[in-house]
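This report looks first at how the chain is divided and how its parts meet, and then at the surroundings of the bound ligand.

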Amino acid sequence: MPTLSAQQQIATLEREKAELRVELEQARKLAYLGMMATTVAHEVSQPIHNIKAATDVTLHRLKKKYPFDSTEPIFEHIYHQLELINRQTERLRKIIENFRQFARWNKNHREFINLNQLLEQTIETIFAAQFRNNNIKLVQQLESEPLMVYANPFLLQEIFSILLSNAIEAIETQKLPTVWVTTFRSLNSNEAGFRIEDNGSGLAPEYRQHLFEPFMSTKTTEKGTGLGLHLAYQMVQDLKGRLNYQDHSGGGAGFIVILPTEER
Ligand SMILES: Nc1ncnc2c1ncn2[C@@H]1O[C@H](COP(=O)(O)OP(=O)(O)O)[C@@H](O)[C@H]1O
Ligand SMILES: [Mg+2]
């Protein structure tokens, strides 16, 4: 019946229009977020710099006037607290610097990187304390030979960090929280990759098809933004690779990143 089919067509068009509107809204939100990130990083770096300069000067003067073996316990306390402020501002400075690098990431830059080494370094520098403090067991199954991929080291570290943070958050309430990090090469050796698996609660089926969409989060607004996996997905695409989800046999979630080992 022609009228029905015309009606159906209209319904389809209406649906498509609504979907496009949602996509547009999300693209706007993302662009806005990028702008905000850059502005905040810029604005915050100045006060951080000032705090650091003020504590440095105070520490310096204090040490000059009252040498470290001063018998007054209050001085020891003040030294200690000032040094703590210094370390924390240094940490903030690094976070902001990372943020800025991220904002100006040059996704076109790629080079040959040893995947095993990059993963180990990221764990060591960013995640070691979290693993220790939360009693998380880390099982590393890395290829014995250096595993070279053609990628951007900064993006690669971001992707890895996003997946690892999600894994850590997913196993918070487990009795024996475990994360597996595995590297592998493909059979025809023009691809290599890594897998991050955990023994958390895994992923409910209804979330699977929306997993890589922006703002898809099952966490409270303080804990989750729903942007991590979306960004990771885009970054893997920029690197001409693939990001897939796979249930972990032990019950949790698993994410697989596959990257080219040659210029593509
Ligand atoms: N390792 C994991 N185990 C279980 N669920 C996960 C895991 N990683 C991601 N998810 C699910 O995917 C959602 C989106 O993840 P993400 O994009 O990083 O956003 P966020 O972590 O801010 O919620 C999470 O809210 C969670 O429901
Ligand atoms: Mg996340």
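In this predicted model, the chain is divided into domain 1, which covers residues 2-103, and domain 2, which covers residues 111-260. Seven residues from domain 1 and eight residues from domain 2 take part in the contact between them, while the centres of the two domains, taken over C-alpha atoms, are separated by 23 Å.

What does the interface consist of? The area buried between domain 1 and domain 2 is about 690 Å², and carbon and sulfur atoms give 80% of that area. Zero salt bridges are found across the interface of domain 1 and domain 2, and the count of residue pairs in polar contact between the two domains, with both residues at pLDDT 80 or more, is likewise zero. On the side of domain 1 that touches domain 2, helix H1 (2-65) and helix H2 (73-103) each supply at least two residues, with H1 giving the most, namely four residues. By character, the residues on this side of domain 1 divide into three nonpolar, three polar and one charged.

Turning to the ligand, 19 residues surround ligand 1, and the closest are Ser217, Thr218, Lys219, Thr225 and Leu229. The table lists polar side-chain atoms that lie by an oxygen or nitrogen atom of ligand 1.

| Residue (side chain) | Atom of ligand 1 | Distance |
|---|---|---|
| Asn166 | oxygen | 2.8 Å |
| Asp198 | nitrogen | 2.9 Å |
| Thr218 | oxygen | 2.4 Å |

Thr218 thus appears both among the closest residues to ligand 1 and in the table, where a polar atom of its side chain lies 2.4 Å from an oxygen atom of the ligand.

Notes: Residues are numbered from 1 along each chain as its sequence is written. Chains are lettered from A and ligands numbered from 1 in the order in which they are written. This is a predicted model: local features need pLDDT of at least 70, side-chain atom pairs count only at pLDDT 80 or more; totals for chains, interfaces and linings use all residues. Side-chain values use heavy atoms; hydrogens and water are left out. Domain bounds come from an automatic or database domain assignment. Contact means heavy atoms within 4.5 Å. Buried area is the accessible area (1.4 Å probe) that two parts lose on being put together, summed over both. A salt bridge is a side-chain nitrogen of Lys or Arg within 4 Å of a carboxyl oxygen of Asp or Glu. A polar contact is a pair of N or O atoms within 3.5 Å; within protein, one must be able to donate a hydrogen and the other to accept it, and residues adjacent in sequence count only if both atoms are side-chain atoms. Ala, Val, Leu, Ile, Met, Phe, Trp, Tyr, Cys and Pro count as nonpolar, Asp, Glu, Lys and Arg as charged, and the others, Gly among them, as polar. A residue is near a molecule or strand if one of its heavy atoms lies within 4 Å of it.
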